[in-house]
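Take a short tour of this protein with the structure open beside you. Rotate the view as you read.

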Amino acid sequence: MELGTNLLLVEDDPFFAENIKQSLQKAGITVLGAAKNLKEAVKIIQQNFVDIALIDIELDGPEDGITTALELLKINWIPIIYMTGHTPLELRESIKKTHPAAFFEKPLRMNELVVQIEIALHNFNAGNLPSPQQNQLEYLFLPADKGHIGVKIKEILYIEASGNYSRLYLSREYFGDIYPQKTYSFIFVSSPMGNILRELPFYFYKLSRSVVINLHQLSKIETNKLFLKNEEVQIPEGKHKSLMERLAVVKS
């Protein structure tokens, strides 16, 4: 299991939620509280770095687990695993709209759940799980500079999370085209990183909970740092291997 995995649990049965929490924590997964409904789940994901969500489809409401997942994905693009005691077939099409990483029927088999969480995170980090919405256009319009600015997606080097805001780093040449009178710096975007990430194509990689990089701009990788053109970014501890697995690498 990847170090420091944070899971958001959405389950309205407190006894069942506590059993899940204890089992997952024994496996090295941090459970960020158990939300009983959409409102509580949104509060947790807004205040914490969440890697993955485990959601019961049949919440008491007013919103069910599918609606909850859709709202969470608007805040942060993360893999979703569903669980349920009973799922009528007519629900399955709406489930697909959230691109779930896995689906479990209760009672859960905890060993299998832990394995599926690990697989879901691996596939997500490898770009194998699609975003609910992936922008296919050349430009992305971002809330900044008292309006919305359009930037070429391919010119984005990397993005840093800053609470409910983000710092966007462009190539120096392109930054100069947009701001010819300014010294090179980041663009302060009035939106959380998760909102931006879910609109970006597959070649944007979540290096850590707070940094997303453009793999098409990657020019050099060292043991603990990488370079996007000439901009240096630190590689978090334990992330070098998973990054290399995402790339086409010739072995020495």
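In this predicted model, begin on the surface. Tyr165, Phe186 and Phe188 form a nonpolar patch there. Together, these residues have about 280 Å² of accessible area. Look at Phe188, which sits in strand S10, residues 187-189. Is Phe188 buried or exposed? The answer lies in between: Phe188 counts as partly exposed, because its relative accessibility is 40% and the partly exposed class runs between the cut-offs of 20% and 50%.

Now turn to the backbone. Most residues other than glycine have a negative phi, and most peptide bonds are trans. Keep that rule in mind for the next three stops.

Find Lys106 and Pro107. A cis peptide bond joins them, and omega is about 0°. Where is Pro107? Pro107 lies in the loop between strand S5 (102-105) and helix H5 (110-125).

Move along to another loop. This one runs between strand S6 (139-144) and strand S7 (147-152), and Asp145 is in it. Lys146 also lies in the loop between S6 and S7. What is the sign of phi in Asp145? Phi is positive, about 55°, although Asp145 is not a glycine. Lys146 has a positive phi too, near 60°, and is likewise a residue other than glycine.

How open are these loop residues to the outside? Asp145 has 47% relative accessibility, so it counts as partly exposed. Lys146 has 92% relative accessibility, so Lys146 counts as exposed. The cut-off between these two classes is 50%.

Last, look for empty space. Rolling a probe the size of a water molecule over the atoms shows where such space is left. The second largest pocket holds about 280 Å³ of space. How many residues line the second largest pocket? There are 16, and the closest to its centre are Ile45, Asn48, Phe49, Gly163 and Pro192.

Which elements give two or more residues to this lining? They are helix H2 (38-47) and helix H7 (193-197). H2 gives the most, with three residues.

Consider the chemistry of the lining as well. Seven of the lining residues are nonpolar, seven are polar and two are charged.

Go back over the stops in your view. Find the surface patch of Tyr165, Phe186 and Phe188. Find the cis bond between Lys106 and Pro107. Then pick out Asp145 with its positive phi, and finish at the second largest pocket, where H2 gives the most to the lining.

Notes. Residues are numbered from 1 along each chain as its sequence is written. This is a predicted model: local features need pLDDT of at least 70, side-chain atom pairs count only at pLDDT 80 or more; totals for chains, interfaces and linings use all residues. Side-chain values use heavy atoms; hydrogens and water are left out. Patches are made of residues with over 30% relative accessible area and no salt bridge: like charges are joined within 9 Å, nonpolar side chains (Val, Leu, Ile, Met, Phe, Trp, Tyr) within 5 Å. Accessible areas come from the Shrake-Rupley method with a 1.4 Å probe; for residues, only the protein chains shown count as cover. A salt bridge is a side-chain nitrogen of Lys or Arg within 4 Å of a carboxyl oxygen of Asp or Glu. Helices (H or I, at least four residues) and strands (E, at least two) are DSSP runs, numbered from the N terminus. Buried means under 20% relative accessible area, exposed over 50%, partly exposed in between (1.4 Å probe, protein chains only). On a 1 Å grid over the protein atoms alone, a cavity is a set of points where a 1.4 Å probe fits but cannot get out, and a pocket is an open set with protein on both sides within 12 Å along at least five of seven lines; lining residues have an atom within 4 Å of a point. Grid points are joined across faces, edges and corners, and a volume is the space filled by probe spheres set on the points. Ala, Val, Leu, Ile, Met, Phe, Trp, Tyr, Cys and Pro count as nonpolar, Asp, Glu, Lys and Arg as charged, and the others, Gly among them, as polar.
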